[in-house]
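The following note is offered to a colleague who has the coordinates open. The points are numbered so that each may be checked separately.

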Amino acid sequence: MADSGVSPLLDRVAVAVAVAAAIGRARPELMGTDPVVRRSDRADFQSNVALAVAKRVGVRPAEFAMELVAELGSGDGLFDAVTVSGPGFLNIAVSDHAMWEQVSARLDDDRLGISDFVRGRRTVVDYSAPNIAKEMHVGHLRTTIIGDCIARVLTFLGAAVIRQNHLGDWGTQFGMLIQYLDEHRGVRWRHDELSGDTSAVSALDGLYKAARTEFDGDPAFAERARTRVVALQSGDAATLRRWYEIVAESERAFGEIYDRLGVLLTADDYVGESFYNPMLVDTVAELVDKGIAVESDGALVVFSEEVDGHDGRPVPLMVRKRDGGYGYDTTDLATIRYRVQSLRAERLLYVTDSRQALHFRLIFEAARRAGWMTDDIEAVHVAYGTVLGPDGRPFKTRAGGAVRLTDLLNDAVAKARAVVAERNPELPTAELDAIAEPTGIGAVKYADLSTSRVRDYTFDPDRMVALNGNTSVYLQYAHARIRSILRKAPDHAVSIDSAIALQPAERDLALELDAYGAVVAEVAATLEPHRLCGYLYDLARDFTAFYETCPVLSAPDQLRKNRLALCASTARTLAHGLGLLGIAAPERM
């Protein structure tokens, strides 16, 4: 574990360590006991350990709690008071001096006191995964946003993150599309041939649908398309050249959306299904040689040893079809094999929707049985729920199709522009547009991330851009407001006098600031970004309470400096937290 150089004096873990040490000193036989420390309304922290273990040492909880009070003392200046209440609750108040020292220490540290404790762990994060020649739609929203946040958090904490965008760029559909393009050479689909807001991938999506219609209605075209599939798979130069062109145009369009969303994915992260195609034969051969894949009705399958179907028989995983072809199951097995053996991944995170839970359970099981994933390699299906429309059903257009991601983002930006314009009617158009774009995009991302990822949520642009409540706009305004306060300060230099007594609102804010590291670590452990969203919302509310009760700019000289330090620390924490979510923190709004 790397040390950031800042001691987390006030967080729950640090207090828990102090209480655990006191338990060990008071009763050596209880060494290692969970001190059961949490934040409390009655004090800064509370420990319930005396109630949990008193019977084991033959005393009343209150008596054992008093033993711990004696052992804890002042904690070398860390604690202001340690008292017992009720049947044996241990109430712990941190000293004002320690709190101010911690505010100062965090401000002096670029990492806000958070260590990079997962340094070097090679982690593959597989997310987004759109299909070539098809537009990104609402179904790509959650995987892209959640996956990007997880990649950001793990990277900050020191993991060696390998982003992987598993593009759907191979299959029989490309033979059909290429044949259609060759027979309709007058159609425009390349980005430099198009005008307006139409992207190459949008044009290709429409042409693919036209090709499908012709395929279904014209047996002669269908036969020519099948011949083209064979040409593609056998490496015909002209066919491959057109395929490469389709892939390049699609990737260009995806890149524009990623740039707009502010996600980290670049062309270097694109690894399509075609990349693994040459590995499929060897992957299947290894499964057969190890007796894991067996023949069944002319196909090769892996029968699960963990999952039975409704008929009570083991669920099969198809690794080679009767006609000798391969499907997603085989590609995903080859992908795991490559990522472990070639990328040396120690952790594999697949950010896909919850409906794929069985698929990944079977894939992970087969990979472990094959010996590709050993006990020291973790594989996780990071499942998420569905984006719903106003009717409570999966979000679709009025015609029943998938909502284009571009249209969804445009709607949110328009709503954000209206909100900002209403609040600041004097803003020039250019500045208004510059604010509306990150505000609308941030609203979409935050609405997704602030919802527990396993739950469905309703896409509601009006609620997303609201200035009040748990929204990104509320957090962005809070950050911009604090930056405005700091700009007005007569002295930007931050210096803290730790002898000044804390007011209750100052204490609440300082404690909330100190909890940031624990929350970020919790997100990394649970892969649940909504925990960070909830923390940032609480922090913004604590700052509002502080600002309403504790004058800053009008306070006496040294008190003003202390309070400006709290403002600066809050602004940095909000900006950093929003950054981990992939959301901008504007200086002005």
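1. The model under review is predicted, and the remarks below should be read accordingly. A convenient place to begin is strand 4, where Phe79 stands opposite Val94. Strand 3, spanning residues 79-85, runs antiparallel to strand 4, and 6 bridges join the two. Between these strands lie 3 residues, which complete a hairpin. In its turn, Gly86 has a positive phi of about 60°.

2. Strand 4 also pairs with strand 2 (residues 45-47), again in the antiparallel sense, over 3 bridges. Here Gln46 has Asn91 of strand 4 as its bridge partner. Strand 4 itself, residues 89-94, is mostly covered, with 5 of its 6 residues buried.

3. The pairing continues from strand 2 to strand 1: these run antiparallel and are joined by 3 bridges. Val37 has Ser47 in strand 2 as its bridge partner.

4. Taken together, these pairings give an open sheet of 4 strands in the order 1-2-4-3, with antiparallel pairing. Strand 1 (37-39) and strand 3 are the edge strands; each has a single partner strand, so one side of each lacks a neighbour in the sheet. From one strand to the next, the twist averages 25°.

5. Which loop holds Thr33? Thr33 belongs to the loop between helix 1 (12-26) and strand 1. With a relative accessible area of 14%, Thr33 falls under the 20% limit and therefore counts as buried. A polar atom of the Thr33 side chain lies 2.6 Å from the backbone oxygen of Leu30. Leaving aside residues up to four places away in sequence, Thr33 touches Ile23, Val49, Val53 and Arg56.

6. His381 may be examined in a similar way. This residue lies in strand 11, which covers residues 378-384. Its relative accessible area is 16%, so His381 is classed as buried. The His381 side chain makes a polar contact of 2.8 Å with the side chain of Thr352. Thr352 also appears among the residues that His381 touches, together with Tyr350, Asp353, Ser354, Gln356, Ala357, Phe360 and Phe364, when residues up to four places away in sequence are not counted.

7. The geometry of helix 9 can be checked by simple arithmetic. The helix has 25 residues (237-261), and at 1.5 Å a residue it should span 36 Å. The expected span is taken over one less than the number of residues, and the end C-alpha atoms are 36 Å apart, so expectation and model agree. Just after helix 9, Gly262 takes a positive phi of about 70°.

8. The structure holds 40 salt bridges. One of the pairs is Asp216 with Arg212, whose closest N and O atoms are 3.3 Å apart. Why can these two side chains be considered about one turn apart? Asp216 and Arg212 are 4 residues apart in helix 7 (residues 200-217), which means a separation of about one helical turn. An α-helix has 3.6 residues a turn, so residues three or four places apart point the same way. Asp216 counts as exposed, at 56% relative accessibility, whereas Arg212 is partly exposed, at 33%.

9. A salt bridge in helix 8 (residues 219-233) involves a spacing of 3 residues, from Glu223 to Arg226, which are thus separated by about one helical turn. Their side chains meet at 3.7 Å, N to O. Glu223 is partly exposed, with a relative accessible area of 46%, and Arg226 is likewise partly exposed, at 44%.

10. In helix 21 (residues 557-581), Asp557 and Lys561 are 4 residues apart, and about one helical turn separates them. Their salt bridge has its closest N and O atoms 3.9 Å apart; the cut-off for such a bridge is 4 Å. Is each partner buried or partly exposed? Asp557 is partly exposed, at 42% relative accessibility, while Lys561 counts as buried, at 16%.

11. Finally, a network of salt bridges deserves inspection. Asp182, Arg190, Arg228, Arg242 and Glu245 are linked within it.

Conventions
Residues numbered from 1 in each chain as written. Predicted model: local features only at pLDDT ≥ 70, side-chain atom pairs only at ≥ 80, totals over all residues. Heavy atoms only, no water. Buried < 20%, exposed > 50% of the residue type's maximum accessible area, 1.4 Å probe, protein only. Pairing = 2+ DSSP bridges. Polar contact = N/O pair within 3.5 Å; in protein donor to acceptor, adjacent residues only side chain to side chain. Contact = heavy atoms within 4.5 Å. Axes fitted to C-alpha atoms, helices over the stretch in contact; angles between N-to-C directions.
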